[in-house]
Amino acid sequence: MKLYSRGQVARRISYGVIVAFVLTALIFFNLGKKQAQKNNSAENDSSQEQVQNVRFDESEVVTYDSSSSAGEVGLPVANNQVTYTQDENENINVYRNCNEAVVNINTKVTSYDWFWDPYVTDGGSGSGSIIDKRGYILTNVHVISGATKIYVSLYDGSQYEATVVGTDIDSDLAVIKFDPPQGLSLKTISFGDSTSLLVGQKVIAIGNPFGMERTMTTGIVSGLGRPIQNSNNRIIRNMIQTDAAINPGNSGGPLLDTNGRMVGINTMIMSSSGSSSGVGFAVPSEIAVRVVNDLLKYGKVQRGVIDATIVQLTNRIAQYAGLDIATGMLVSEVEEGSNAEKAGLKGGTKAVYYGSRNTILYLGGDVITKIDGIAITSLAEYYSALESKKPGDVVSVVVRRNKKDVTLKITLAE
């Protein structure tokens, strides 16, 4: 039996531990290597499968153009052929045919300094439509109101001074004229038929909002037959309501149908901020044609009138006169021998001071409450009811007399 010392035993145990550790490490290393190879093989198979499943459309592939300069990518180029929808073509054609007939109007007005010395300053601005090659332009009265000088700017930037041919505050329409230079052929806009308009029909507005010349907006006819009171305290009946954007500077410009015909004259907006809120109004071309014809021929509109002096009834007057109604137009005097007197219209007999005691009003006469079926409650409605009437037209007038309604047939005078 072989004996070992303590040192020899310790050395042999240490050698055994080291050998066991090395063998264990080698075993785990081989196992890890095999697992890594297995994982790499699985990933390669998966990648190959993904590549096989991907399909590229040739139009989607971005390639580098070898002819381009360094660093530039040759991107796919879209088809250069441009197409438009039917709606876009309508808009383009209307603008192309009509924009050169829309002018920008600017005015000069006279103001006074602290010492009441007059000086000229900038006034308002708006739009207008050339309606005649001789230089006649249709616009709004409020665009040129108070102007000492009126200037019109054409599409090419040229500017000319214009003069007033005639104005009509009842329709807020005016005709002005400038003298085009020899050789200049003006484009014009023709009138359309506003009576054939339908709610929902497409309309186009061209004007100069905020000084941006010949701006086009589109919309629809939102409503018809709107009675709207304008800035001159006149009620214009049968106004066209549209949601086409109309802003300051659009006033006087044309409202067009898809054929480029003027079916209205943009006049006002309904807004709390002073800019478009989608509620704009245009004077129908039916009114404009009649007004323009009279302005060109007479310098004013020939309207029929009732030969009588009338005063708007108030609660105070009605109470003092002992009337049973408080609205309508009180007939103060009727012209002797007039059509109104012949029709039986009666004026008052009791003289009283009215207003600032400089005017005498006669009480006891008829009170006009309706004209051709239109209720008359204010002076604006009275003028509006007669706006489309001509001298010689016969109107049906309902008056309140002795607490009874009486109907009269009155022939209008000039």
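Here's a quick briefing on the fold, one helix and a few backbone oddities in this model. The structure is predicted, so local features need pLDDT of at least 70 and side-chain atom pairs count only at pLDDT 80 or more, while totals for chains, interfaces and linings use all residues. Residues are numbered from 1 along each chain as its sequence is written, and side-chain values use heavy atoms, with hydrogens and water left out.

**Confidence**

- The protein chain averages a pLDDT (the predictor's confidence in each residue, from 0 to 100) of 84, and 80% of the residues score at least 70.
- Over residues 46-71, pLDDT stays under 50, and the model has ten contacts (heavy atoms within 4.5 Å) beyond four places in sequence for that stretch.
- Where pLDDT is low, the predicted coordinates should not be read in detail.

**The barrel**

- Six strands (DSSP E runs of at least two residues, numbered from the N terminus) close into a barrel in the order 1-2-3-6-5-4, with antiparallel pairing (two strands pair if DSSP finds at least two bridges between them).
- On average, neighbouring strands of this sheet are turned by 40° against each other, direction ignored.
- Strand 4 (residues 149-153) and strand 5 (residues 159-168) run antiparallel and are joined by four bridges; Y151 has E161 in strand 5 as its bridge partner.

**Helix 4**

- Helix 4 (residues 285-298; helices are DSSP H or I runs of at least four residues) lies across strand 2 (118-132), strand 3 (136-140), strand 5 and strand 6 (173-177).
- Helix 4 runs at about 45° to strand 6; axes are lines fitted to C-alpha atoms, for helices over the stretch in contact, and angles run from 0 to 180 degrees between N-to-C directions.
- At 1.5 Å a residue (times one less than the number of residues), its 14 residues should span 20 Å, and the end C-alpha atoms are 19 Å apart, which agrees.
- Among the buried residues of helix 4 (buried means under 20% relative accessible area, exposed over 50%, partly exposed in between, with a 1.4 Å probe and protein chains only) are I287, R290, V291, D294 and L295.
- G299 follows helix 4 and has a positive phi, near 85°.

**Positive phi outside glycine**

- Most residues other than glycine have a negative phi.
- R214 isn't a glycine, yet its phi is positive at about 50°. R214 is in the loop between strand 7 (202-207) and strand 8 (215-229), and counts as buried because its relative accessibility is 14%.
- N402 also has a positive phi, near 55°. N402 lies in the loop between strand 19 (394-401) and strand 20 (404-411), and counts as exposed because its relative accessibility is 71%.
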